[in-house]
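Subject: Structure handover

Hello,

Here is the structure I promised to pass on. Please open it first, then read my notes below.

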Amino acid sequence: MAGMRRAPAGKTKCCSLHTVTFLLVTLFLVLSGTGFRILGNSMLGSRQAGVGKRGELDGLQAVEPSRMVYGQPKVLTPCRSDVLVLTPWLAPVVWEGTFNTDVLNEQFRLWNATIGLTVFAIRKYMVFLELFLQTAEKYFMVGHRVTYYVFTDRPADVPHVPLREGRRVEVLKVPGALSWQEVSMHRMEMISNFSQQRFLREVDYLVCMDVDMKFCDHVGVEILSPRFGTLHPGFYGAAREAFTYERRPQSQAYIPRDEGDFYYAGGFFGGSVVEVLQLTTACHQAMVVDQANGLEAVWHDESHLNRYLLDHKPTKVLSPEYLWDRQKLGWPPVMKKLRFVAVPKGHLDIRGS
């Protein structure tokens, strides 16, 4: 046809020869299995190098899995028959007896994940920080890299607690608040801001906790998931009508009485940094709208957290083992372990300061 030029005969033969050679080499690689090994090693190398982990390559080397011997899971034998272990949207509910710590630790060791823990020690709440950190070093993410992000208005008073290898404390100075309600209302904003400024580059997961607590047993990688919430110890057995959701339709945190899955505690939530950024940003923006309309949700950031997790279901739910008040609730048989518990205190003395 007009406008089309023929390639010289010699060039055509050369291209044909290259094509045949390429096909023969490809066939050899496939038959020998080398091609699959190259592809597999390339994919593993990309994961271990941190692609998609914190948004950039960090040069990590592939970690070889170690041989493990453990009991076989039994398809016809449920791990727990006395509690809910799976939500209707197929998110695991984490109880003692539903996971194998050794298997999980090995999986996260292969990825070499770093966990950030945020905690607010504002004004007199600083008194709880030392016990919090001491018990965290004993029970929290043992064997994994951890960065404790301490938000405080009293940096000089942050205690020096001996830390395991690969773990550190980062002090983040924030303005002192006038009341515990203000700390609660601004917590989402500060976590959101620092997630954008630092956390996205520094850690893989964020765990957000209350400081007036102590660890009493293992809290490890079994909690980690893109987005997780914790069942409130006061409502885990209650009907949704009894939940203390925000019930005023004018509020951004409003949940009708015929809606709701669980009541989640504001003192223990988290996930990947990207997911926590989205959660905290959305909750903060909702609070700003409420404030502009002269409203404050009944339980502050916890009310907005519950609204968000109703609309954006958690990918994992932690049982009340992970947030408990033994002084108020005792130790019921359904709780095989109490992992993270409230420290006895006089609320009026602390919150009124």
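Which residues does Glu302 touch, not counting residues up to four places away in sequence? Keep that in mind as you turn the model. Note that this is a predicted model.

Glu302 touches His232, Tyr263, Tyr264, Ala265 and Gly266, with residues up to four places away in sequence not counted. Glu302 lies in helix α7, residues 300–311. Glu302 has a relative accessible area of 14%. The cut-off for buried is under 20%, so Glu302 counts as buried.

His232 is a good place to go next. His232 is found in the loop between β7 (227–231) and β8 (264–272). Leave aside its neighbours within four places in sequence, and His232 is in contact with Tyr263, Tyr264, Ala265 and Glu302. Tyr263, Tyr264 and Ala265 are also on the contact list of Glu302. An unreviewed UniProt entry lists His232, Thr244, Glu302 and Asp325 under "binding site".

The other annotated site

UniProt, again in an unreviewed entry, lists a "binding site" with Phe120, Ala121, Ile122, Tyr125, Asp210, Val211 and Asp212. These residues are spread over 93 residues of sequence, yet they cluster in space. The largest C-alpha distance is 11.2 Å.

Two of these residues sit in strand β2: Phe120 and Ala121. Phe120 is buried, at a relative accessible area of 8%. Ala121 is buried too, at 0%. Their contacts, leaving out residues up to four places away in sequence, are as follows.

- Phe120 touches Phe151, Val183, Arg187, Met190, Ile191 and Val211.
- Ala121 is in contact with Met126, Leu129, Val150, Phe151, Thr152 and Asp153.

Phe151 appears for Phe120 and again for Ala121. Val211, a contact of Phe120, is itself on the UniProt list.

Strand β2 and the sheet

Strand β2 covers residues 114–121, and eight of its eight residues are buried. Thr114, Gly116, Thr118 and Phe120 point one way from β2. Ile115, Leu117, Val119 and Ala121 point the other way. Both faces are buried.

What does β2 pair with? Strand β3, residues 145–152, pairs with β2 in the parallel sense over eight bridges. Ala121 stands opposite Thr152 in β3. Strand β5, residues 205–209, also pairs with β2 in the parallel sense, over five bridges. There, Met209 of β5 is the bridge partner of Val119. Helix α4, residues 129–139, joins in as well: β2, α4 and β3 make a right-handed β-α-β unit.

Now step back to the sheet. The sheet is open and has eight strands, with mixed pairing. The order is β1-β9-β7-β8-β5-β2-β3-β4. Why is one side of β1 and of β4 left without a neighbour in the sheet? β1 (93–94) and β4 (167–173) stand at the edges, and each has a single partner strand, so one side of each stays without a neighbour. For β4, pairing with β3 is in the parallel sense over seven bridges. The bridge partner of Tyr148 in β4 is Val169.

The cores

The largest nonpolar core has 40 residues. Phe140, Ile223 and Phe268 touch the most other members. β2, α4, β3, β5, β6 (213–215), β8 and β10 (340–342) each supply at least two residues of this core. A second, separate core has 36 residues, including Phe120, Met185, Tyr264 and Val317. Phe120 is thus on the UniProt list and in the second core. Tyr264, from that second core, is also a contact of Glu302.

Phe268 has a long contact list, again not counting residues up to four places away in sequence. Among them are Val207, Cys208 and Met209. Ile223, Phe228, Leu318, Tyr322 and Phe340 are also included.

The whole chain

- The protein chain has nine helices and ten strands.
- Buried residues make up 43% of the 353 residues.
- Of the contacts with a separation of 6 or more, 73% are between residues 24 or more positions apart.
- The accessible surface comes to about 19100 Å², and 58% of this belongs to carbon and sulfur atoms.

Best wishes

How values were computed: Residues numbered from 1 in each chain as written. Predicted model: local features only at pLDDT ≥ 70, side-chain atom pairs only at ≥ 80, totals over all residues. Heavy atoms only, no water. Buried < 20%, exposed > 50% of the residue type's maximum accessible area, 1.4 Å probe, protein only. Helix = DSSP H or I, 4+ residues; strand = E, 2+ residues; numbered from the N terminus. Pairing = 2+ DSSP bridges. Right-handed = clockwise from strand over helix to strand, strands pointing away. UniProt positions renumbered as here; feature names shortened; annotations may be inferred. Contact = heavy atoms within 4.5 Å. Core = buried A, V, L, I, M, F, W, Y, C linked by side-chain atoms within 4.5 Å. Areas by Shrake-Rupley, 256 points an atom, 1.4 Å probe, with all protein chains shown as cover.
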